[in-house]
Amino acid sequence: MDDDFFSVVKRQRACRRYLDKPVSDSLVEEVITAGTFAPSAENSQPWEFVVVRDKSLRDQIHDLAQRAWSGGGRDFSLRHLDEKILADVDDGISGGGYATAPVMIIVAGDTERCHPKAISASILPAIQNMLLAATALGLGSALTTITLGFASELQAIVALPDSVVPQAIIPLGFPARPLGPPRRESFSQHTHCDQFGNAWGQAQ
Ligand SMILES: Cc1cc2nc3c(=O)[nH]c(=O)nc-3n(C[C@H](O)[C@H](O)[C@H](O)COP(=O)(O)O)c2cc1C
């Protein structure tokens, strides 16, 4: 598979069902290492990663996602999500697809190392690096936040101290089916020249 940077960027997407195939520690380490090369406010590097392999813990985490999805998350998304993604998320959460991931990585931010207002902005670049690394390694992954509505329960499941706040859960494993290309609008639909409203490529 082509692991050229731009090829990886253009095929990265959410994987919501996984093969029953283990992921080695060395692959997990490569993914996390990529995360730690991300920028962070004041180079605070506030990330903490909990690699969850234990099935009963993974099931408890997945149960939180199911509660969040059925307890309002799905109804909220119905208004915005297109049909295909809704069906995929349904399969991942209600259908148990995410629970098939042999690894779940809880990515958390240490509020004692970074101003709480800068935590998300300091963790999301690390998460994106991890998603790209996973793709380059042939692994499926996803950025999921649905469970954060139950942050304190999640903290308890993986024994995070109060000051280390979960930011996302990344399921990791080998994809159960080809993901296909991401559907994205062209950059030119979102790019302006000098001032908003001057379409890129059409300015005088
Ligand atoms: C902030 C954020 C939160 C997300 N949370 C979830 C989630 O909780 N569950 C999920 O299945 N996907 C989640 N996603 C993945 C998006 O649904 C996905 O990136 C988007 O629909 C594009 O789909 P694609 O990756 O298949 O191209 C999240 C993405 C972002 C950026």
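**Strand pairing, a bent helix and a ligand shell**

In this predicted model, strand 2 and strand 4 run antiparallel and are joined by eight bridges.

Student: Which residue in strand 4 is the bridge partner of Val-103?

Tutor: Strand 2 covers residues 103-110 and strand 4 covers 164-173. The two strands run antiparallel. The bridge partner of Val-103 in strand 4 is Leu-172.

Student: Which strands stand at the edges of the sheet?

Tutor: The sheet is open, with four antiparallel-paired strands in the order 1-2-4-3. Each edge strand has a single partner, so one of its sides lacks a neighbour in the sheet; these are strand 1 and strand 3 (140-141).

Student: On which residue is the kink in helix 3 centred?

Tutor: Helix 3 comprises residues 55-78, and a straight helix of 24 residues would span 34 Å. The end C-alpha atoms of helix 3 span only 30 Å. The helix has a kink of about 55°, and the residue at its centre is Ser-70.

Student: Is Ser-120 buried or partly exposed?

Tutor: Ser-120 lies in helix 5, residues 116-136. A buried residue needs 20 or more other C-beta atoms within 10 Å, and an exposed one has 12 or fewer. Ser-120 has 15 within 10 Å, and is therefore partly exposed.

Student: How many residues of the shell around the ligand are nonpolar?

Tutor: The residues surrounding the ligand include Arg-13, Arg-16, Ile-85, Val-89, Thr-144 and Pro-182. Two residues of the shell are charged and three are polar. The number of nonpolar residues is seven.

How values were computed: Residues are numbered from 1 along each chain as its sequence is written. This is a predicted model: local features need pLDDT of at least 70, side-chain atom pairs count only at pLDDT 80 or more; totals for chains, interfaces and linings use all residues. The expected span of a helix is 1.5 Å times one less than its number of residues. The bend at a residue is the angle between axes fitted to the seven residues ending there and the seven starting there. Two residues are in contact if their C-beta atoms, placed from the backbone, lie within 7 Å. A residue is near a molecule or strand if its C-beta atom, placed from the backbone, lies within 6 Å of it. Ala, Val, Leu, Ile, Met, Phe, Trp, Tyr, Cys and Pro count as nonpolar, Asp, Glu, Lys and Arg as charged, and the others, Gly among them, as polar. Two strands pair if DSSP finds at least two bridges between them.
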